[in-house]
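Visitor: Hey, got a minute to walk me through this one? I'd like to start with what the words mean.
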Amino acid sequence: MIETLFPDLSRADARRVTRQMRLTTMRNAMLLRAMHYFGLRSVRLLLMPDHSIAKVQPPVIFGTFHIGVPHALGVAMERLPHEALVLRRRASARAQRKNVRVVETGETDEQRALAFHRAASHLLGGGVALMALDPEHAARIAAPFFGRTILLARGAFALARVARVPIVPLVARWRGLRLETVCGAPIAAASEQEMADAAAKWLEAYLRDQPGQTSARVLELLR
Amino acid sequence: MTDVAATVREIVAAHAPSKAVGDATPLGGDGAGLDSIALAEVLLGCEQRFGVEVASLLGHDALTIERLARHIDAQLVARATT
């Protein structure tokens, strides 16, 4: 419920924000359907160019959240001048394509260790990776968020620490009937806690500016 | 192999500081209890320290200090003889 994050919203505003969240959910479901039939062409046609992402210098981790339109980000990675490694729990064979290599993090500790190792090697070699900062199954790290706490996943922050690379927050959202990406300022490699705090701070500022982008996942991770 | 095993023990100990890890103890899960991040850091530490590949050991039998040391030693010997 949106009042959990924004207790001071008027009833009218809370209804408006809830409608925006539902609209995003519906549009995402339609986009997934289109992707099922037409593949990534559906996303490629809708995603507006974003030159700010291409200007981000590797090595870097693009850290995203399950808000907005996360499945647009693979296409955003295709448009980079460097090959991007995308970490996901599960991936279909057709997820592999030019300029994007998808690595499954899998279900077991050993599978996740192998994925982490691959990502670290890729980043240490000067590469680019994309991963979620809030996946479902993960070792958690708590960070201040809206006067409470959000449980983010340790993985990306540990990877950034090990490879000594920055994390750049990156999300996608609907803009009318098109898609756009929003890229934050780099979070410099530091301790895992410092980076997690900075990522949560970015997400909080983003959602305060765009409360309609709040998702069920964010509310689930709130403590 | 003794020196290799000693170095591997040090690298493992840096990521499992609360437990003394036996050479035959599985590093993950119910053994030494290293999580996926710690396991990956052990592999990276070994690769950076010895300059050989070790990630291929994952996914087969349980990863132990013994297996790591034996694998690294074999690769060092192979490299020295080519």
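Guide: Sure. A residue counts as buried when its relative accessible area is under 20%, and as exposed when that is over 50%. Keep in mind that this is a predicted model.

Visitor: Okay, so is A:Phe146 buried or exposed?
Guide: A:Phe146 has 10% relative accessibility, and because the cut-off for buried is under 20%, A:Phe146 counts as buried.

Visitor: Where does A:Phe146 lie?
Guide: In chain A, in the loop between β5 (140–145) and β6 (148–153). Those strands form a hairpin with two residues between them.

Visitor: How do β5(A) and β6(A) run, and how many bridges join them?
Guide: They run antiparallel, joined by six bridges. One of the pairs you can look up is A:Arg140, whose bridge partner in β6(A) is A:Ala153.

Visitor: What about the phi of A:Phe146?
Guide: The phi is positive, about 50 degrees, and the residue is not a glycine. For background, most residues other than glycine have a negative phi.

Visitor: Which other residue should I look at for a positive phi?
Guide: Try A:Arg164, which isn't glycine either and has phi near 55 degrees. You'll find A:Arg164 in the loop between α6 (154–163) and β7 (167–175) of chain A.

Visitor: And is A:Arg164 buried or exposed?
Guide: The relative accessible area of A:Arg164 is 65%. The exposed class begins over 50%, so A:Arg164 is exposed.

Visitor: Switching to peptide bonds. What joins A:Pro58 and A:Pro59?
Guide: A cis peptide bond, with omega about 0 degrees. Most peptide bonds are trans. As for location, A:Pro59 is in the loop between α3 (51–54) and β1 (60–64) of chain A.

Visitor: Now the interface. How many residues does the contact take from each chain?
Guide: Chain B gives 17 residues and chain A gives 15. Together the chains bury about 1,300 Å², and carbon and sulfur atoms account for 66% of that area.

Visitor: How many salt bridges are there between chain B and chain A?
Guide: Two salt bridges. One of them links the side chains of B:Asp35 and A:Arg154, at 3.4 Å from N to O.

Visitor: What kinds of residues are on the side of chain B that touches chain A?
Guide: That side has 10 nonpolar residues, four polar and three charged.

Visitor: Last one: how many residue pairs are in polar contact across the interface?
Guide: Three pairs between chain B and chain A, with both residues at pLDDT 80 or more.

Definitions and conventions
Residues numbered from 1 in each chain as written. Chains lettered and ligands numbered in written order. Predicted model: local features only at pLDDT ≥ 70, side-chain atom pairs only at ≥ 80, totals over all residues. Heavy atoms only, no water. Contact = heavy atoms within 4.5 Å. Buried area = accessible area lost by both parts, 1.4 Å probe. Salt bridge = Lys/Arg side-chain N within 4 Å of Asp/Glu carboxyl O. Polar contact = N/O pair within 3.5 Å; in protein donor to acceptor, adjacent residues only side chain to side chain. Nonpolar A, V, L, I, M, F, W, Y, C, P; charged D, E, K, R; others polar. Helix = DSSP H or I, 4+ residues; strand = E, 2+ residues; numbered from the N terminus. Buried < 20%, exposed > 50% of the residue type's maximum accessible area, 1.4 Å probe, protein only. Pairing = 2+ DSSP bridges.
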